[in-house]
Amino acid sequence: MSLSTESPGSTVSGVNVLVDGLSALARVLVGMTAHTLTRLDVDITLPQYRMLVLLVSNGPRRTVDLAADLGVHPSTVTRTSDRLIRRGLVRREHREQDRRVAWVGLTSEGCALVAAVTRQRAGEIRALVESAGVGDPRSLASALQALVAASGEAPEAQWWDRWARSAIRP
């Protein structure tokens, strides 16, 4: 069932077909991420993993800013951070300029986990692309890169550069 706004008898536009395809692909990719977390035998949820990914993308964040990024209440970030701190994946710190504000950032272990999940998922995506027999992967890649840019997300190479600088070092 398409979620497009066109009536069932009308000609479906290319945009709607693409939206439907990307929506289905998003479900596949979330499933791959969940499967990878299970395979790595890490006891974290997808929302907890999403927080780790945002910390890679944006670096250490104030609790209130991380809550806005995730679209949740700051108390949710505090509870999630507490769980991830117990697992050694994030650290909370206070900076000299304002000791009242808590900052959350990745530990080296958190960085390593995000890298492991990302690399394993990339392998699964590569296998999927190869098995699908996409005619010209470069044209599809170009369209996907345009969508990534329009969303404000960093391109893959830039994301990995941020990953390399994302952990709070003791």
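The buried residues of helix α1 pack against α2 and α5, the latter spanning residues 108-132. The buried set in question is made up of N16, M32, T33, T36 and L37. All of this comes from a predicted model. Helix α1 itself covers residues 14-39, 26 residues in total, and it reaches 37 Å from its first C-alpha to its last, close to the 38 Å expected at 1.5 Å a residue. Right behind α1 comes D41, with a positive phi near 55°.

Stepping back to the whole protein chain, the secondary structure adds up to seven helices and three strands. Read from the N terminus, the order of elements is α-α-β-α-α-β-β-α-α-α. The C-alpha atoms fit in a box of roughly 60 × 35 × 25 Å along the principal axes. The chain has 170 residues, and 26% of them count as buried. As for contacts between residues at least 6 apart in sequence, 59% of them join residues at least 24 apart.

The outside of the protein chain can be summed up briefly too. About 10700 Å² is exposed, with carbon and sulfur atoms supplying 58% of that area. On the charge side, there are 21 positive and 17 negative side chains, and the centres of these two sets sit 5 Å apart.

Helix α4 gives a neat picture of how burial can be arranged. This helix takes in residues 74-86, which makes 13 residues, and its span from first C-alpha to last is 18 Å, close to the 18 Å expected at 1.5 Å a residue. Its buried residues are V77, T80, S81 and L84. Looking down the axis of α4, these buried residues fall within an arc of 105°, so they line one face of the helix. The cover over them includes two helices, α2 (46-58) and α3 (63-70), along with two strands, β2 (90-95) and β3 (98-106). Just past the end of α4, G88 adopts a positive phi of about 80°.

One residue of helix α3 is worth a look here, namely T63. T63 has a relative accessible area of 13%, and because buried means under 20%, T63 counts as buried. Leaving aside residues up to four places away in sequence, T63 touches P74, V77, T78, A102 and V104. Of these partners, V77 is also one of the buried residues of α4, and α3, the helix that holds T63, is among the elements covering the buried residues of α4.

Note on methods: Residues are numbered from 1 along each chain as its sequence is written. This is a predicted model: local features need pLDDT of at least 70, side-chain atom pairs count only at pLDDT 80 or more; totals for chains, interfaces and linings use all residues. Side-chain values use heavy atoms; hydrogens and water are left out. Helices (H or I, at least four residues) and strands (E, at least two) are DSSP runs, numbered from the N terminus. Buried means under 20% relative accessible area, exposed over 50%, partly exposed in between (1.4 Å probe, protein chains only). Contact means heavy atoms within 4.5 Å. Accessible areas come from the Shrake-Rupley method with a 1.4 Å probe; for residues, only the protein chains shown count as cover. Lys and Arg count as positive and Asp and Glu as negative; His and the chain ends are not counted. The place of a charge is taken as NZ of Lys, CZ of Arg, CG of Asp or CD of Glu. The expected span of a helix is 1.5 Å times one less than its number of residues. The arc is that of the directions from the helix axis to the C-beta atoms.
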